[in-house]
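Visitor: Could you take me closely through the strand pairing, beginning with what counts as a pair, and then connect it with the rest of the model?

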Amino acid sequence: MITIDEIKKQVDAADSAEEVSELWQKYLGKNGSLKTAVKGLKELSDQERREQGPVLQEILRQAEELIKDKQISFSSSGLESKLKEDAEKLSNERATVGHLHPITETVRAMNKLFSSMGYSIMEEREIETDEFCFKRLNVPDDHSARDMQDTIYIEEPNLLLRTQTSSIEARTLANFPPPFKIVAPGRVYRNEKVNKSNHFIFHHYQGVVVGENITMRDLFSTLAILFKKMYGDDVIIRFRNKYYPEVEPGVGPDMQCFSCKGKGCSLCKGVGWIEMGGAGMIHPNILEMAGIDHQKYSGFAFGLGLDRWVMAKYKIGDIRTFLGGNLAYKPYQHESHI
Amino acid sequence: MKVIYSQIKKMVAGLTASPQEIGEALTMTGFMMDSFEEIKWLNKTDYLIGLEVRQNRGDCLSVFGIAKEVAAYYGLPLELPTAPDWSVKDKGFVNISVKATEQVKRVLALRISNVVNKESPEWLKEFLAHYDINSISLLVDISNYVMIMTGYASHLFDFSLVNGELSWLVNHEEQKINTLDKTTINLTGGELIIEDKENVLALAGIVGCSHAAIERTTTDIIVEMAVYDRSIIKKNSRSLGITTEASNRLSKEMSLEAADLAFQFLIGTILDNAGGQVETKVYDYYPNKESAKIIEFNPNLPSALAGIELSHKKISQILKNLYFKINEKDKSNWLVTPSIERLDIESAEDIVEEVLRLNRYDAITFNAPPKIEVYPNITPDSWYIKEKIRDFLTANSFDEILSQPLVSEKINKEINWRDYDMVITQNSVNDEFPALRQSIGTGLLLQVKEHRKKNVFPLAMFEIGKVFGKKEFEIIETESLGITKIGGNELSLKEFQLSVEKLLANFGISLVEYKKLPISNEAFNQDSAWFIMSGEVVLGVMAKFKPLTKDVKAYFAEIDINKLIDLIKKFSDEPLSTIELTNKLVSLDANIELSNGQSIRSYIIEAEKMMAENLWSLSVIDEFALEDSVRYTLRAVYCGLSDQAAKAEHLEIFSLK
């Protein structure tokens with residue numbers, strides 16, 4: 001059986017289109033030797049056919065390619081016609097792009113910022129125990145958060161759907177020795193009726209830092225960086241005293257209303273400021289419950305509600321949109337489109 | 001809590017701040033101003049400042065409390081109104097018994113005779129109107145007025161209608177009571193009540209009852225002021241659905257000691273306005289006396305926690321303005337005694353908060369970035385994997401959706417494919433969604449139906465979230481990925497399968513096989529539903545949804561992310577195979593024929609194992625269906641072998657098949 005190397009030698013040696021045409025007839029024409037050999041395969045035994053068939057087919061394929069290429073090299077018009085034949089048309093379809101959910105987009109932007117400041121990203125279970133959702137966070141037994149009206153309990157005793165991402169703080173304190181810096185985005189549940197502005201499921205963003213010599217100044221400057229990142233450098237923020245059992249001292253970060261610039265409007269309920277969440281220095285009781293020496297370590301924590309932020313950013317008027325599907329995404333539009 | 005500006009001004013000597021400035025100062029120190037209104041009060045223009053009082057500051061649900069805060073903030077003296085002294089005609093006591101000893105902390109009571117109950121003066125009616133309280137009669141209005149001024153609620157009873165002793169007890173029977181405003185309430189047991197021999201006279205700390213209520217004709221009254229365990233008031237108020245000004249205050253922690261001042265003010269105000277004669281001494285049930293707390297406090301702590309310098313002098317001044325007593329043992333050890341009404345002050349950190357809030361948090365500058373220290377990265381692998389999934393799927397035109405994990409039992413049953421039981425909530429106010437989802441597909445299935453209804457497709461969506469279940473009493477909560485595609489007849493299961501497999505291959509899981517799904521549900525076409533297997537591990541499910549309509553198809557896959565992570569963890573960190581520029585690749589084709597029942601995927605996996613050393617790639621380039629079999633043309637590419645050696649290996653492998 002002739003080999004492809006021998007055919008290649010002959011093709012390479014051909015000096016004209018005529019010689020190439022002769023080689024075509026010799027091997028690939030109706031009575032060409034390779035074509036004849038392929039036809040003859042059916043005469044062979046199964047064993048022979050299995051052995052010789054693939055080899056012969058491969059020689060045939062390569063010979064066709066070699067001779068065609070050589071023919072093109074002798075004919076510019078042949079090249080043109082090959083290119084024409086090879087040309088493809090553009091599609092009229094537009095490429096669609098996938099979209100991340102606005103909550104995910106926002107969480108990513110925040111995570112990116114905090115990762116750049118050395119924070120880890122933490123997540124935890126959504127079915128929680130009373131201990132990690134309340135007790136280890138210094139929430140008193142008769143605190144309203146524990147009421148059936150506020151907390152959704154599941155049928156199994158002492159288990160509930162977490163009402164706050166502070167439960168992630170409690171578990172991180174229990175599971176990791178300080179120092180650490182974490183942020184923890186997550187879904188929380190409260191026993192509320194669903195309507196345009198309220199939902200029983202919403203999204204929180206928790207931040208916790210435990211280390212030596214951590215101060216309120218660190219907390220304030222961290223939140224200032226966050227708000228500037230999310231709302232621009234000219235954002236005006238303030239910190240006022242606020243009570244939360246988890247922290248002492250506790251503060252409420254407010255942002256000057258971006259709609260009325262502090263004059264008072266319907267968005268800020270006339271006060272000129274928008275409440276952004278809660279924060280403060282971690283209560284020493286919480287550190288002690290986690291077995292952390294509060295004389296050596298201090299820390300801060302903050303918790304922010306994401307839904308209102310994202311509603312404002314994406315101009316979403318109905319909170320139910322978040323968990324209601326993706327009809328709102330335009331198929332060809334991307335978040336950072338040009 | 002609302003306060004009238006001129007009242008505050010009268011109690012804080014030398015106060016020059018405007019009402020807006022006071023509102024702003026209180027906002028910054030813990031009482032957010034939530035309303036501000038210009039009003040008429042005593043024929044003059046005045047201002048009503050509305051303040052949010054947090055749960056731990058029951059002492060500030062009163063005008064006195066807020067005035068004290070304002071005085072402390074501005075460092076001005078506080079001058080609270082005083083009640084006139086009175087004399088006692090008789091030395092006896094009101095006949096009282098407290099049976100609910102765990103729930104009742106203090107009761108102050110006495111009897112006044114010869115009072116004149118009449119219409120209230122204009123100033124009192126006007127005052128109450130600003131607090132949205134209707135004027136009833138002078139005595140009732142005084143009780144409400146004193147509550148707003150001092151924070152302590154009281155009950156007044158018509159002595160002539162009280163039969164026997166007044167008892168405080170926990171109700172144990174079902175019974176109906178009529179309140180002062182003629183509402184009928186069904187008691188079910190567990191409520192703290194005040195009763196005489198025959199009748200319930202009040203729901204303690206919440207509302208009075210019609211029996212023995214004060215009328216215009218009443219002349220002889222029993223006045224009682226009590227402080228309770230706040231949890232019973234809160235519980236009763238919630239369970240009966242009644243919230244009153246009294247219950248709102250008494251469900252907060254209230255000082256037992258400060259009740260004396262409030263009671264004095266109440267009696268003095270009654271005598272001053274309704275006349276009368278005090279008939280008895282003050283009955284005082286006060287079994288566990290509240291003692292002053294002494295807290296060890298390091299005055300360097302505020303500076304250490306705030307990150308700014310605060311002098312001891314400044315700290316001392318702030319605490320004195322709050323009427324805290326200080327015993328300076330040495331430079332780092334003070335003994336601080338908070339004022340009696342400040343039950344929220346329990347630790348040194350609480351004192352720090354007092355110092356910092358009255359010094360205002362805007363004294364803590366935050367222009368400098370926080371100090372960056374390298375702390376260990378404790379981010380779990382699952383986070384990175386989920387982010388990678390999101391990137392992959394959005395790059396492949398899938399949109400991310402989020403749906404609610406609380407769903408109806410019906411939708412759970414419709415799409416569940418796991419052998420878990422449902423986790424049910426016991427008290428969701430949203431009756432339509434009592435169960436936690438068992439499959440991430442609940443939201444996607446609803447979306448598929450919705451988009452079909454609105455004729456919006458083709459569409460590709462995914463969701464990442466928690467799914468829940470119960471198995472042998474163990475609660476299972478696992479992270480799940482759901483993917484779905486909906487489209488016309490151009491959509492194929494193979495294309496969808498490839499999308500899912502590419503995603504898995506992206507994590508190094510390329511040897512995926514399928515096993516018929518043994519569980520049926522309403523959503524899946526049972527003949528097109530499989531477990532996605534990696535070895536013996538069930539990674540998830542792939543299925544075709546039952547036909548939506550003739551021309552619309554939808555596919556669904558769910559991957560258990562926790563199992564995916566477990567698999568990925570098993571992989572070694574060996575580097576990927578690479579090919580040198582000088583390495584030779586030899587490409588050879590082979591025809592094979594498999595009977596209809598045989599899987600080409602399994603065949604390839606077996607062949608790959610045989611060719612492991614020198615295989616670069618093996619793929620199906622053509623297939624042709626025959627009567628009882630399928631003929632496939634495979635293309636194998638060998639690496640690092642000469643032409644002849646590759647051919648020899650090729651022949652050996654495929655001739656064996």
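Guide: Two strands are taken to pair if DSSP finds at least two bridges between them, and the strands themselves are DSSP runs (E, at least two residues), as the helices are (H or I, at least four), numbered from the N terminus. This is a predicted model, in which local features need pLDDT of at least 70 and side-chain atom pairs count only at pLDDT 80 or more, while totals for chains, interfaces and linings use all residues. Residues are numbered from 1 along each chain as its sequence is written, chains are lettered from A and ligands numbered from 1 in the order in which they are written, and side-chain values use heavy atoms, with hydrogens and water left out.

In chain B, seven strands make up an open sheet whose order is S19-S23-S24-S28-S27-S26-S25, with mixed pairing. Its edges are formed by S19 (399–400) and S25 (513–516) of chain B, each of which pairs on one side only. Within this sheet, S23 (residues 459–471) and S24 (residues 474–487) of chain B run antiparallel and are joined by 13 bridges; following one of these across, B:Glu463 has B:Gly482 in S24(B) as its bridge partner. The loop between S23 and S24 of chain B holds B:Glu472, a residue other than glycine whose phi is nevertheless positive, near 45°.

Elsewhere in chain B, antiparallel pairing continues from one strand to the next. S10 (residues 192–195) is joined to S11 (residues 200–203) of chain B by three bridges in the antiparallel sense, with B:Ile193 opposite B:Leu203 of S11(B), and the hairpin between S10(B) and S11(B) passes through four residues. S11(B) in turn pairs with S12 (residues 207–208) of chain B, again antiparallel, over two bridges, and here B:Leu203 has B:Val207 in S12(B) as its bridge partner. The hairpin of S11(B) and S12(B) has three residues between its strands, and B:Gly205 takes a positive phi there, near 75°.

Chain A supplies backbone features of another kind, two cis peptide bonds among them. One joins A:Pro178 and A:Pro179, with omega about 5°, and A:Pro179 sits in the loop between helix H8 (166–175) and strand S4 (180–189) of chain A. Another runs from A:Glu248 to A:Pro249, with omega near -5°, and A:Pro249 belongs to strand S7 (residues 247–256) of chain A.

On a broader scale, the domain assignment (automatic or from a database) divides chain A into domain 1 (4–86) and domain 2 (102–323), whose C-alpha centres are 73 Å apart. For chain B the assignment gives domain 1 (2–74), domain 2 (96–285), domain 3 (295–359), domain 4 (381–570) and domain 5 (585–656), and the C-alpha centres of domain 2 and domain 4 of chain B are separated by 60 Å.

Where the chains meet, the contact (heavy atoms within 4.5 Å) draws on 96 residues of chain A and 83 residues of chain B. Together the chains bury about 7800 Å², with 56% of it on carbon and sulfur atoms; this is the accessible area (1.4 Å probe) lost on being put together, summed over both. On the chain A side, A:Glu123, A:Arg217 and A:Asn241 lose the most area to chain B, together 9% of what that side buries. Five salt bridges are counted between chain A and chain B, each a side-chain nitrogen of Lys or Arg within 4 Å of a carboxyl oxygen of Asp or Glu, and one of these links A:Glu123 with B:Lys386 at 2.6 Å, N to O.

Conventions: Buried area is the accessible area (1.4 Å probe) that two parts lose on being put together, summed over both.
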